[in-house]
Amino acid sequence: MSRRRGKAVEEEKADIDLTPMLDVVFIMLIFFIVTASFVKEKALDVNVPDPNQTQDTPPDTDKQNILLVVNANDDISLAGSRIDSRAVRARIAQLYAENPQAMVIVRAHNKSSADTYVQIADAAKEVSPAIQVSLVPFEK
């Protein structure tokens with residue numbers, strides 16, 4: 001009989017209690033969740049006019065804005081003529097020198113890339129940090 005009791009005691013000692021290990025794993029999981037740093041998304045500061053907003057006063061005709069049109073292929077046009085993306089800064093500087101109150105308005109196609117808008121906005125800010133850049137969606 002003593003042999004059978006010995007085997008029963010050995011079988012009970014062979015069991016492993018996993019509860020403390022699970023406690024440690026959960027504590028580590030909570031620690032990593034609390035101390036994790038999450039990636040913050042970068043966003044563009046885009047000044048888009050409200051489509052429901054109505055203007056009570058007519059726009060000032062003396063104040064001519066600089067209108068750049070970007071099509072679906074990311075081609076940039078100014079006053080109806082296509083310009084190279086490297087010449088945008090020079091053209092904005094020329095027109096801004098003639099009219100310092102002018103805003104830069106970018107009329108972009110829905111399928112154009114945001115990179116083109118960023119290039120135009122950066123070029124305008126290089127001309128003058130006080131210049132306002134607005135993004136207007138293409139109207140079909």
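Here are three short exercises on this predicted model, each with a worked solution.

Residues are numbered from 1 along each chain as its sequence is written. Local features need pLDDT of at least 70 and side-chain atom pairs count only at pLDDT 80 or more, while totals for chains, interfaces and linings use all residues; side-chain values use heavy atoms, leaving out hydrogens and water.

**Exercise 1. Find which helices and strands each supply at least two residues of the largest nonpolar core.**

Step 1: Get the term straight. A nonpolar core is a set of buried Ala, Val, Leu, Ile, Met, Phe, Trp, Tyr and Cys residues joined through side-chain atoms within 4.5 Å. Buried means under 20% relative accessible area, exposed means over 50%, and partly exposed is in between (1.4 Å probe, protein chains only).

Step 2: Look at the core itself. The largest one has 20 residues, and Leu68, Val88 and Ile120 are among those with the most contacts inside it.

Step 3: Go through the elements, which are DSSP runs numbered from the N terminus (helices: H or I, at least four residues; strands: E, at least two). Strand 1 (66–70), strand 2 (76–78), helix 3 (88–98), strand 4 (104–108) and helix 4 (114–127) each supply at least two core residues. Helix 4 gives the most, with five.

Step 4: Zoom in on Val88. Leaving aside neighbours within four places in sequence, Val88 is in contact (heavy atoms within 4.5 Å) with Leu68, Ile76, Ile83, Ile120 and Ala123.

**Exercise 2. Work out how the rings of Phe31 and Phe32 are arranged.**

Step 1: Know the rule. Rings of Phe, Tyr and Trp (its six-membered ring) pair if their centres lie within 6.5 Å; planes under 30 degrees apart count as stacked, over 60 as edge-to-face and the rest as tilted.

Step 2: Search the whole structure, and you find one aromatic pair.

Step 3: Apply the rule. The centres of Phe31 and Phe32 are 5.5 Å apart and the planes are at 65°, so this pair is edge-to-face. Phe32 is exposed, with a relative accessible area of 52%.

**Exercise 3. Track down the salt bridge that Glu126 forms, and say which helices its partners lie in.**

Step 1: A salt bridge is a side-chain nitrogen of Lys or Arg within 4 Å of a carboxyl oxygen of Asp or Glu. The structure holds three.

Step 2: Glu126 pairs with Arg89, with the closest N and O atoms 3.2 Å apart.

Step 3: Glu126 lies in helix 4 and Arg89 in helix 3, so the pair ties together parts that are 37 residues apart in sequence.

Step 4: Check the accessibility. Glu126 is exposed at 53%, whereas Arg89 is partly exposed at 38%.
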